Amino acid sequence: MQQRNRSARIAVLGSPAPRSRPAGLSSRSATAVKRRVVAGVLILLSLVLITVYFREPAGGGLHSVQSAGATVLRPFEVASERVARPFRDAYGWFAGLIHAKSENARLRAQVDLLTQRVIQNTNAAQENADLRHQLHYIGLPRFPQDYRPVSTDVISRPPSEFQQEVGIAAGSSHGIRVNDPVVTADGLVGKVSTVAHSTAQVTLLTDPNLKVSALDLEHQATGIVGHGQGEGTLTLARVQKSQVLEPGDTIVTQGWKIGGLTSIYPAGIPIGYISGASQSEVDLYWEAQVSPRVHFDSLRTVVVLVPKDRSLR
């Protein structure tokens, strides 16, 4: 009997004891359950309140509570609106300023593009008109028959009043040589002074160093046309007092040919009109002013007169 009790005690002592759950784990589970319950209750309560709110009349309890709450919160809403308004206005002002600057830049770019196109179109129309005028002139009977025309653009302007030269976009490759006369449909421009392969320099009739033998068509008076007193003006000198000059007379190149020698300028190229003439008892010659036919300050295209008997070598 004692042996049996001892065995039972040993069996009871030797069996494993049941494990207890950690206190932290059970606490977290309980908290999660509580949160779910609270969330469910709040959702259910919200649904009930929404249902009752929409079903009750306008003067119901929930509507009254809403009105009371809005009345209580109105001062805070007004205060927050007044506080936020300067910041909102400042943001709107800066945003508008940035937008205005970008819009201004875009419009300026458009204006520049349109202005450039207008200038290009105007230049193209002017060049077209000049070329038509020159072609008409070349086809006229008064065009010098012993010369072939080389039409070209003016690519540079006179550097100073005392160096009246322009650059042209044609040179020796076009058969142009030094001293070739240069004209437009309006009249004499000058002569070629220097030549390169594809460009040349033209000394204008207004240059102080250029002189041209001239003829008064109406009275057959002869003289020398050269640079005048003012910018863009000409004078007719060496006209004897025995000859007649009158304002409005047409002045052209005289031209001459002696044996195998010829003048630089062919005869009959218009130069200008007599704008004034005077003489005194002590002077031997007339003092005459000539208004040129060519507008030297707006030259765009010119025609170089190249002798037909010249080779391109």
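Begin by selecting Arg-238, which is exposed in this predicted model, its relative accessible area being 54%. To place Arg-238 along the chain, look at the loop that runs between strand S8 (234–237) and S9. While Arg-238 is selected, check its backbone as well, for its phi is near 60°, a positive value in a residue other than glycine.

Next, select Gln-220, where phi is likewise positive and near 60°, again in a residue other than glycine. Gln-220 sits in the loop between strand S6 (212–216) and strand S7 (222–227). With a relative accessible area of 48%, Gln-220 counts as partly exposed, because the exposed class requires a value over 50%.

From the loops, move on to strand S9, which covers residues 250–253, and pick out Thr-250 within it. Is Thr-250 buried or exposed? Thr-250 is buried, since its relative accessible area is 17% and the buried class takes values under 20%. To see what surrounds Thr-250, show its contacts beyond four places in sequence, which are Leu-215, Asp-216, Leu-217, Glu-218, Gly-272 and Tyr-273.

Now turn to strand pairing and colour strand S1 (residues 147–156) together with strand S14 (residues 301–307), which run antiparallel and are joined by seven bridges. One pair to label here is Val-150 and its bridge partner in S14, Val-304. S1 also pairs with strand S2 (residues 165–168), again in the antiparallel sense, over two bridges. On that side, select Ser-156 and you will find Gly-167 of S2 standing opposite.

The following stop is the largest pocket, whose volume is about 300 Å³. Which residues of its lining should be selected to find the centre of this pocket? Of the 14 lining residues, those closest to the centre are Asp-146, Tyr-147, Lys-257, Thr-262 and Pro-266. If you then colour the whole lining by residue class, it divides into seven nonpolar, three polar and four charged residues.

Finally, clear the selection and view the whole protein, which has three helices and 14 strands. Buried residues make up 26% of its 313 residues, and the accessible surface comes to about 21200 Å², with 59% of that area belonging to carbon and sulfur atoms. Among the contacts between residues at least 6 apart in sequence, 56% join residues at least 24 apart.

Conventions: Residues are numbered from 1 along each chain as its sequence is written. This is a predicted model: local features need pLDDT of at least 70, side-chain atom pairs count only at pLDDT 80 or more; totals for chains, interfaces and linings use all residues. Side-chain values use heavy atoms; hydrogens and water are left out. Helices (H or I, at least four residues) and strands (E, at least two) are DSSP runs, numbered from the N terminus. Buried means under 20% relative accessible area, exposed over 50%, partly exposed in between (1.4 Å probe, protein chains only). Contact means heavy atoms within 4.5 Å. Accessible areas come from the Shrake-Rupley method with a 1.4 Å probe; for residues, only the protein chains shown count as cover. On a 1 Å grid over the protein atoms alone, a cavity is a set of points where a 1.4 Å probe fits but cannot get out, and a pocket is an open set with protein on both sides within 12 Å along at least five of seven lines; lining residues have an atom within 4 Å of a point. Grid points are joined across faces, edges and corners, and a volume is the space filled by probe spheres set on the points. Ala, Val, Leu, Ile, Met, Phe, Trp, Tyr, Cys and Pro count as nonpolar, Asp, Glu, Lys and Arg as charged, and the others, Gly among them, as polar. Two strands pair if DSSP finds at least two bridges between them.
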